[in-house]
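User: I'd like to learn how to read a structure like this one, feature by feature. Could you walk me through it?

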Amino acid sequence: MGIVEPIGSGGDRRRLRVRSPVSLEPIGEFECANAADVKVAVERARKAQVEWAAKVPEQRARVLWRLVDQIVEHQEEIIDAVIEETGKARSEAITMEVFSSCDAIAYTAKHGPKQLKTEKRRIHGLLGFVKKLRIVYEPLGVVALITPWNGPVVLSCVPLAQALMAGNAVVHKPSEVTPFSAKLVERLALAAGLPPDLYQVIQGDAATGAALIDSGIDKLSFTGSVATGRKVAEICGRLLIPCTLELGGKDAMIVCADADLDRAAQGALIGSCMNTGHYCCGTERIYVVEEVYDAFLEKVLDGVKQLRQGETGEFDVGAVFWDKQMDIIENHVEDARAKGASVLAGGRRNPELRGLFYEPTVVTDVTHDMDLMRKETFGPVLAVMKVKDEDEALALANDSDYGLNGNVWTTDTAKGIRIAERMETGGVCVNDMAMIYGIPEAPFGGVKSSGVGQVNGISGVRNYCHAKPITSDRRGKGKIQGGYPYTQKGTDGMQKLIRLLWGTRLGRWLS
Ligand code: NAD
C-alpha cells in the first residue's frame with residue numbers, strides 16, 4: 001500500500017489515490033492530466049499571458065500583494081492542507097510554507113517593478129560617443145513549474161511570484177505526493193484577482209511532467225531530484241528550452257574546535273531533522289574536529305532524546321512524507337550499519353505510531369564508503385564523523401558529487417567565512433543552517449550535481465525574462481561609419497586606431 005497508488009483509469013487518464021503518511025488513510029484522488037490536457041493548458045496560458053504582459057509591473061505587483069492577503073487570510077487552511085498531505089510538524093507548516101511564501105511573494109511584489117525597469121547602460125570607450133544602449137526586460141511567455149513534495153506551498157509560491165511578476169503565464173505540475181496544496185495555491189491566486197488561465201495547476205506524475213516540457217513552453221523551472229533533473233535537462237536540451245534545475249544536496253556541517261557547542265548541537269539537530277530531514281539544504285553529514293567530538297556528540301545525544309514525534313498537536317519531528325523515501329532512509333542506515341557504523345539513537349521506524357515515522361537517528365563511525373555519506377538520504381538522520389582538523393573536515397565536505405549548501409560552526413566568524421569560501425557549494429551558512437533559500441536577496445542554486453542556474457537574488461525576477469539589448473545611433477542620420485564602400489584609407493585608419501587604443505597607455509585608459 002503506497003502513499004500514492006493507481007486506482008484504475010478514467011479513459012485515457014490515469015487516476016491516483018493519495019494517503020496520509022500519518023494515518024495511512026486515503027485523503028483524496030486525482031486524475032493525471034494527459035498530453036492533450038497539458039497542451040490545452042499551455043495554449044490557454046499563452047492567450048492569457050498577452051494581456052498580463054501588457055500590464056505595467058506595478059499592476060502585476062498589486063495582484064501579488066493580494067495573493068499575500070489571501071495567504072494570510074487562509075493560513076489555517078494552508079497549514080491543514082499541508083499537514084494532511086505531508087504529516088509535517090505544525091510549526092514547520094507555519095514557518096516554511098506560510099511565512100516563507102508570504103515573505104518571498106511580498107519581496108517580489110516590492111522589488112520586482114525596479115528589477116523590470118528598462119535600464120540605460122553607458123557604452124564604454126569610443127563607441128559610447130556614437131551609440132546608446134538600453135536593456136528591456138521582456139517576459140518569456142509560458143513558464144512551466146515542476147515541483148517536489150517537500151515544500152509543496154513555498155516551492156510553488158517562490159517561482160510562481162517571480163515568473164508572474166516578470167509578465168509570464170505559469171503552468172504548474174506539482175508532485176503527485178502533494179497534489180492538493182498546489183491546487184489550493186491556484187484557488188487563492190484566482191481569488192487574489194489573477195486572470196483565469198494565467199496560472200494553472202495540472203496534476204499528474206512523471207508522465208504529465210514530461211508532457212508539460214514537450215508542450216511548447218518557453219522556460220522550465222524544475223525543482224526535484226538529480227536523477228529527474230538529468231532527464232528533464234536532456235529534453236530541454238533537445239527542445240532548446242532554457243531551464244533552471246534546483247536539485248538535491250548532501251550538505252556538510254563543519255564543527256570547529258572553537259564552536260559554541262550548544263548552538264552547534266542545536267544546529268545539527270534542526271539542520272538534520274527539520275521537515276523530517278526532507279529539506280534540500282538539510283544537514284546530511286557532520287564533521288567534528290577531534291578536540292570537541294565527544295562533547296558535541298554528548299550534546300547531540302541529549303538533544304535527540306528530547307525530540308517529540310507525533311501525529312497531532314505539538315511535536316518536533318513529523319512523518320516521512322512518502323513510503324518511497326522511507327525505503328531510501330532505511331536502506332542508507334542499514335548499509336551504514338552493515339559497513340560498521342554505530343547507531344546511537346533511533347535507526348528504526350517509530351513503533352508507537354501507525355504511519356510512516358522514522359525516529360530521529362544518530363549514526364557515528366561513518367565513512368565515505370557508506371551510502372549515508374554519499375547519496376542524499378533526505379531523512380531525520382545525523383551522520384557524525386570525527387576528523388583531525390578543519391582541513392580534513394573541508395576535504396571530506398568537498399568529497400561529494402553534490403554541492404548545494406553547507407554550514408560552518410566557529411566563534412571566529414572571519415575564520416568561518418574563510419572556510420565557507422573554500423566549500424564547493426552553492427552557498428554556505430556560518431553558525432546557522434538552511435537559511436539561504438529563505439533570504440530573497442541571496443542567489444540560490446547548487447554547483448556540481450546539485451543544479452544548474454540560480455534562482456532568487458536581487459535579479460530573481462529577471463531569471464524569468466529575456467534581457468533584450470536595444471542599441472541606437474546617437475545621430476540616426478548621415479553615412480554609417482565603417483559602411484560600404486570599403487577603402488584603403490578606411491582600413492588604414494582602423495589599424496591606426498587599434499594601435500592607438502590598445503597599443504598605448506593613454507589609449508587603453510580611453511578605451
Ligand atoms: P523528483 O525528481 O522525483 O520529482 C520532482 C518533480 O518532478 C515531481 O513533480 C515529479 O512528478 C516530476 N517528475 C518526475 N519524473 C519526471 C519526468 N521524467 N519528467 C518530468 N517531470 C518528472 O523529486 P522529489 O522526490 O519529488 O523531490 C525531492 C528532491 O527534490 C530531493 O532530491 C530534494 O533535494 C530536491 N529538492 C531540491 C530543492 C532545491 O531548491 N535545490 C528544493 C526542494 C527539493
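Analyst: We'll go from the ligand to the cysteines, then the strands, and finish with some backbone details. This is a predicted model, in which local features need pLDDT of at least 70 and side-chain atom pairs count only at pLDDT 80 or more, while totals for chains, interfaces and linings use all residues. Residues are numbered from 1 along each chain as its sequence is written, and side-chain values use heavy atoms, with hydrogens and water left out.

User: Okay, the ligand. Which residues come nearest to the ligand?

Analyst: A residue is near a molecule if one of its heavy atoms lies within 4 Å of it. Here 28 residues surround the ligand, and E176, S225, T228, L247 and E376 come nearest. By class, the shell has 14 nonpolar, 9 polar and 5 charged residues. In that count, Ala, Val, Leu, Ile, Met, Phe, Trp, Tyr, Cys and Pro are nonpolar, Asp, Glu, Lys and Arg are charged, and the others, Gly among them, are polar.

User: Which helix or strand gives the most to the shell around the ligand?

Analyst: Helices (H or I, at least four residues) and strands (E, at least two) are DSSP runs, numbered from the N terminus. The top contributor is α8, with 3 residues. At least two shell residues each come from α8 (206-213), β9 (219-223) and α9 (226-239).

User: And what lies 2.6 Å from an oxygen atom of the ligand?

Analyst: That's a polar side-chain atom of S225. A polar contact is a pair of N or O atoms within 3.5 Å; within protein, one must be able to donate a hydrogen and the other to accept it, and residues adjacent in sequence count only if both atoms are side-chain atoms. E176 also puts a side-chain N or O atom 2.7 Å from a ligand oxygen, and G224 uses a backbone N or O atom at 3.3 Å. Taken alone, the ligand exposes 850 Å², and the protein buries 91% of that. Those areas come from the Shrake-Rupley method with a 1.4 Å probe; for residues, only the protein chains shown count as cover.

User: How many disulfides does a search of the whole structure find?

Analyst: A disulfide is a covalent bond between the sulfur atoms of two cysteines. The cut-off is a pair of cysteine sulfur atoms within 2.5 Å, and the search finds 0. For C243, the nearest cysteine sulfur is that of C236, 4.1 Å away. For C465, the nearest is that of C243, at 17 Å.

User: Is C465 buried or exposed?

Analyst: Buried means under 20% relative accessible area, exposed over 50%, and partly exposed in between (1.4 Å probe, protein chains only). C465 is buried because its relative accessible area is 11%, whereas C243, at 22%, counts as partly exposed.

User: Now the strands. Why is β16 largely enclosed by the rest of the structure?

Analyst: In β16 (residues 405-409), 5 of the 5 residues are buried, so the strand is largely enclosed. In a regular strand the side chains alternate between the two faces of the sheet. On β16, N405, N407 and W409 point one way, G406 and V408 the other.

User: Which strands does β16 pair with?

Analyst: Two strands pair if DSSP finds at least two bridges between them. β16 runs parallel to β11 (residues 251-255) over 4 bridges, with I254 as the partner of V408. It is also parallel to β17 (residues 427-430), again through 4 bridges, and there N405 stands opposite G427. For an antiparallel case, look at β2 (residues 13-19) and β3 (residues 26-31), which share 5 bridges; R17 is matched with E29.

User: What should I look for in the backbone?

Analyst: Most residues other than glycine have a negative phi, and most peptide bonds are trans. F378 has a positive phi of about 60 degrees and sits in the loop between α13 (371-374) and β15 (381-387). F378 is buried, at 9% relative accessible area. N431 has a positive phi near 55 degrees, lies in the loop between β17 and β18 (443-444), and is buried at 17%. The peptide bond from Y484 to P485 is cis, with omega near -5 degrees, and P485 is in the loop between β21 (465-473) and α16 (488-503).
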